[in-house]
Amino acid sequence: MPTRSSTLAQQAEGSRSATIALKDFWKRRRLLLLSAVLFAATLLLYGPVVSHQFINLDDDQYVTRNPHVTAGLTAEGFRWAFHTFEMGNWHPLAWLSHMLDCSIFGLNPAGHHYSSVLLHALNAVLLFLLFARATGAVGCSFVVAALFAVHPLNVESVAWVAERKTLISTLFTFLTFGAYGWYVRSVPNLPESRRLGAPAARSWPRYLITLAFFVLALMGKPMAVTVPVVLLLIDYWPLRPSKPTAGFHPSTPTEGALGTPGLPGTPQWFGGPEAPSPTKAPAPDETAARPGLWRLAIEKIPFLLVSLVFSGLAVIAQHSTGSLVLALPLERRLQNAAVAYWAYIGKAVWPARLSIFYPYAKNAPSWTWPGLALLLLIAITVLSLRLRRHRYLAAGWLFFLVTLLPVIGILQVGNQAMADRYAYTPLIGLFVAAVWGLDALRRRLRLSAAPAALAALCTLAALAWVTRSTLSYWQNSLTLFTHAQQATANPDELIETNLGEAYNAAGQAEEALRHFKIAKALDPHCYLALYNIGSYLVEHGRPAESIPEFQAAIQYSGSRQNTLFAHANLGEAYLLLGDNAQAERAFAGALRLDPNSFVALLGRGQALLRMKRYSEAETEFARALRGRPQPELFYLLGMALEGEQRFDLALEAYTQALRLAPGMPPAQARLSELQKRTPPASGPAR
């Protein structure tokens, strides 16, 4: 019979065995478990977006009023996505993503929003795995990825359906970084004489996969053009170990911010071990020195060439739609760029007064503050490069500066001084520098990991709370632009215009007009204000008053697309007034900008039909039918053919209209009239 002491010993042994088993399970599965926690927490945080609506800024042009997208994934839509510069970008993957959503969810905004949330959650997990594999510092990596997942500055990129392009581009950018680390793992085993910057034979497939992911990132959004420089930063850290410091050596495991084993500077990446064993030094191929700077630069030449090609495409696309605006002098844009860097840093640290739009200051500033901002940027850059024992500081800081450079405003795209969505990827650099820097300070002060973990959790909880609050502003256009109006220090015509459009969509036309007039008072040349005032006047039976508004809108349109819309609406106003000749001229102006514009073809056809220019009207209606076979168009085509005395073809047109819309009164009446009489011989069919 076992004694009491032996029983207690067995229980203690069983407890120790269970503890060891649990620790072993955590060590082997921690990346999977932490990834699952991160993914689920991100989905939970952004859960409210399923009840949000589309907004009136860009969502209509990207999704709800874009016939190529609403048709879903089709062969014609696929071809269009790769051939269009619509919205001032060449980003076919973004278009295809929206088409896929329409195929699955139709125009239910909940599905579109949750697709964006899924992509953001996936990006957060990929970011965590990238740093955990590359550095072995699982704790620091998790904190960086969690900051990325919950930071309020990223709400705009996730809650705005039109910003799907940012999420897709970032996804493939992260895959590019992972594939690059995978490729690098194949290089150190090669003889030094073969590492001349160009991939060796057995590493070519990995190199080409990396390049392919980069191309896909650019097909999502051209902001990824800085990837070649970022790959050099990755070579600097984490692929190149930091210099040894007192009590720390790159081959000696350290504790991450959450008390997990870490190895700053050791490349693991996808396919490598989760983290080095505390009792086993890394394999030689994992710590071998990478080639010199020139060889590494040569290695990036194909990436640089691809960047140049896509940069050229981006400029052409922006120019073709009038989005590339150089209204501000270069000096003003440089001043704004210097200040904007610090504005992004400020909102990263204290994310308050976030807005969908940040207008330029009305008055040009002196060089005092921009100059000081620029000097501080330079000083921090020099200091971070001198701290070679802490390469993550320079790598993170330069990552922030470089990835933000294409959208910092030196090349002016749009009228915003800055935008939250532009910080989606650059913020990662600040997170890396801060998290790894604070963890290094903790180790230097010999503090335990528990207080650091608690501080990290408190910070994440506070940011998550602000994110939930920020999400509430994105419920619909009215809540979004009402908040933007409150968050912006000075009144702005763009915010007032979009707020007016939101009120108009809510059925409050008079309140909408009030905001349009405020926008026009702020800027008499504001295209959107002029266009919307004109549209209001037409809708409320005052077409004569709308004509000066549309004429001014054409003058100050700023882009081909805006000019086309203003010409088309001007033509509609003239049609309502019965001035068919002026209407025909207005629609002809729209067709010069887009020969396939459905609205312009339909409008010009109606004007020509009224002027009894039947043959020309028939041509316009036939062209419009190629794009949209609608019953009303078949009816109008029948009227034109009847005017040409081509009664047999007119009968066919009316019959087709009734086939699409049974019981359509006008078509039924004309068909019955033609069937009652014997038509004269018609001319040859065209």
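**Exercise 1.** Q645 lies in the loop between α29 (631-643) and α30 (647-660); what is its phi, and what is its relative accessible area?

*Solution.* The model is a predicted one, in which local features need pLDDT of at least 70 and side-chain atom pairs count only at pLDDT 80 or more, while totals for chains, interfaces and linings use all residues. Residues are numbered from 1 along each chain as its sequence is written, and side-chain values use heavy atoms, with hydrogens and water left out. Helices (H or I, at least four residues) and strands (E, at least two) are DSSP runs numbered from the N terminus. Step one: phi of Q645 is near 65 degrees, which is positive although the residue is not glycine. Step two: most residues other than glycine have a negative phi. Step three: the relative accessible area of Q645 is 43%, so it is partly exposed, the classes being buried under 20%, exposed over 50% and partly exposed in between (1.4 Å probe, protein chains only).

**Exercise 2.** Where does D58 lie, and what is its phi?

*Solution.* D58 belongs to the loop between α1 (4-45) and α2 (59-64), and its phi, near 75 degrees, is likewise positive in a residue other than glycine. Because its relative accessible area is 21%, D58 counts as partly exposed.

**Exercise 3.** Which residues does the cis peptide bond with omega of about 15 degrees join?

*Solution.* The bond joins W237 and P238. P238 is found in the loop between α11 (227-236) and β1 (254-255). Most peptide bonds are trans.

**Exercise 4.** Why does the end-to-end distance of helix α15 (residues 330-349) agree with its expected span, and what covers its buried residues?

*Solution.* The expected span is 1.5 Å times one less than the number of residues. For the 20 residues of α15 this should give 28 Å, and because the end C-alpha atoms are 29 Å apart, the two agree. The buried residues of α15 include R332, R333, N336, Y341 and Y344. Their cover, judged by contact (heavy atoms within 4.5 Å), includes β3 (358-359), α16 (368-386), α17 (391-404), β4 (416-418) and α18 (427-444).

**Exercise 5.** How many residues has the largest nonpolar core, and what does F128 contact?

*Solution.* A nonpolar core is a set of buried Ala, Val, Leu, Ile, Met, Phe, Trp, Tyr and Cys residues joined through side-chain atoms within 4.5 Å. The largest has 134 residues, and those with the most contacts inside it are L38, F128, F177, Y344, I356, F400 and W436. Helix α6 (residues 109-135) gives the largest share of this core, 12 residues. Neighbours within four places in sequence aside, F128 is in contact with L31, L34, S35, L38, V138, S141, F142 and A145. Another core, of 47 residues, lies apart from it and has A600, A650, A657 and A667 among its members.

**Exercise 6.** Which residues make the nonpolar surface patch of about 790 Å²?

*Solution.* Patches consist of residues with over 30% relative accessible area and no salt bridge, like charges being joined within 9 Å and nonpolar side chains (Val, Leu, Ile, Met, Phe, Trp, Tyr) within 5 Å; a salt bridge is a side-chain nitrogen of Lys or Arg within 4 Å of a carboxyl oxygen of Asp or Glu. This patch is made by L330, L334, W367, L374, L375, I378, V382, L405 and I410. Two or more residues come from each of α15 and α16, and α16 gives the largest share, 4 residues. L375 lies in α16, and its relative accessibility is 56%, so it counts as exposed.

Terms used
Accessible areas come from the Shrake-Rupley method with a 1.4 Å probe; for residues, only the protein chains shown count as cover.
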